[in-house]
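Work through these short exercises with the model open beside you. Try each task before you read its solution.

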Amino acid sequence: MTELTDTTIGAGPQPSTVQEVLDTVSSLIIEVLGDDYLLESPITMDTAFEEDLELESIEFVALAEQVELRYRDGIDFVSWMGEMEVEEIKALTVGDLVTFIATSLG
Amino acid sequence: MPKVIVNGNELFYRRMGSGDSTLVFIHGLLMDNLSSWWLAVANAAARHADTLCYDLRGHGLSERPPTGYTVADGVDDLLGLLDTLGIEEPAHLFGNSYGAVVAVAFAIAHPERVAGMVLIEPHVGAEGLSDDELGRLSAGLDEALTGLFRPDVKQWLETKGGRKMNRLVASWKGFLTETSLIDDLRQTKTFSDEELSSIKCRVLLVFGEESDIFERARVLVDRIPDAELQVWRDLDHLVLRDAPARVRELVLEWVRSAEAARIGGQALAGH
């Protein structure tokens, strides 16, 4: 097992940050889906936007906007999206988004 | 939610990035909304330019009034949106399918607001096209309407459709049956040779080689003075959906070229 150095600890998000971001993102998803959100299973890091939540593309755009409003200058959402192919974006999980945000926030 | 009221209706838009050029992306009809451009191109383009994509009225998250779906309404909405957002300099328009029709009509009506256009599979009616070709758009809508009410389609939706598909179909049905969309589009006029030849900006036309509206390609490239045609192999009408990375590269190259022309123009003006 590799010993953790200060650098590796500093490079990733803190677990507490990840949980906070997951809670925030989950509430934003529920807000975007509105009455259509069915609480069949909780939103986790493994939940896929398209396959599990059946989020329409335009709803993902609305969610992206909410995320940007919430975290403002702390994240560069546009560049993150701009580097991905359409298929990659459509395969994103909640965990991918949460990790991106938490890593950006440091 | 970024929405503005334009001509009495709330329009949803996303404006991203910054730069000397302004890019405006216009999506296709009925089943489309700004997300197709947003997913494929707009975010990447926003790293180089002021980038705007919006939902046409009735589509996506924009308001759906019962009437007002002619191409002229689309032109008025685009003008109102640009004015409201303070975009006064000529913009580059990127239109997909029906969105390209709005772009062409806008460029004819307001040439001073358009710097150039990239038209992906433009569903533009022009003189010289066969009657079959001109009737294709409204025939397609009639077909969609009939299809959505077929018992087997209904059964499939109930058993296998899932939340997303059922929501989309309900939305399309509402659009086709509760608004004047089909009637308005039947009135879509054919652009005259004079109108098309009045377009002075640079225009790039992209068609899929297998496209069912390919007949338009030659007519448009012949009529529009500064038009270039690219025919992409192994693609049909759904170029943006099926070749998003290639469209993105094309747009980025267009932006680079526009920047180079702008800088070149400034250098010339300085001498």
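Three exercises on this predicted model follow.

**Exercise 1.** Find which side of helix H9 of chain B holds its buried residues.

*Solution.*
Step 1. Locate H9(B) at residues 215–223.
Step 2. Pick out the buried residues: B:Arg216, B:Ala217, B:Leu220 and B:Arg223.
Step 3. Check their directions. They span an arc of only 150° around the axis, so they sit on the same side of H9(B).
Step 4. Recall the general rule. An α-helix has 3.6 residues a turn, so residues three or four places apart point the same way.
Step 5. Look at the cover. It includes helix H8 (193–197), strand E7 (202–208) and strand E8 (227–232) of chain B.

**Exercise 2.** Decide whether A:Arg72 is buried or exposed, and do the same for B:Ser97.

*Solution.*
Step 1. Place A:Arg72 in the loop between H3 and H4 of chain A. Its phi is positive, near 45°.
Step 2. Count its neighbours. A:Arg72 has 8 other C-beta atoms within 10 Å. The cut-off for exposed is 12 or fewer, so A:Arg72 is exposed.
Step 3. Place B:Ser97 in the loop between strand E5 (91–96) and helix H3 (98–109) of chain B. Its phi is also positive, about 55°.
Step 4. Count again. B:Ser97 has 25 other C-beta atoms within 10 Å. Buried needs 20 or more, so B:Ser97 is buried.

**Exercise 3.** Describe the side of chain A that touches chain B.

*Solution.*
Step 1. Chain A brings 16 residues to the contact, and chain B brings 24.
Step 2. Helix H3(A) gives the most, with 6 residues.
Step 3. Sort chain A's side by class: 8 nonpolar, 3 polar and 5 charged residues.

Terms used
Residues are numbered from 1 along each chain as its sequence is written. Chains are lettered from A and ligands numbered from 1 in the order in which they are written. This is a predicted model: local features need pLDDT of at least 70, side-chain atom pairs count only at pLDDT 80 or more; totals for chains, interfaces and linings use all residues. Two residues are in contact if their C-beta atoms, placed from the backbone, lie within 7 Å. Helices (H or I, at least four residues) and strands (E, at least two) are DSSP runs, numbered from the N terminus. Ala, Val, Leu, Ile, Met, Phe, Trp, Tyr, Cys and Pro count as nonpolar, Asp, Glu, Lys and Arg as charged, and the others, Gly among them, as polar. The arc is that of the directions from the helix axis to the C-beta atoms.
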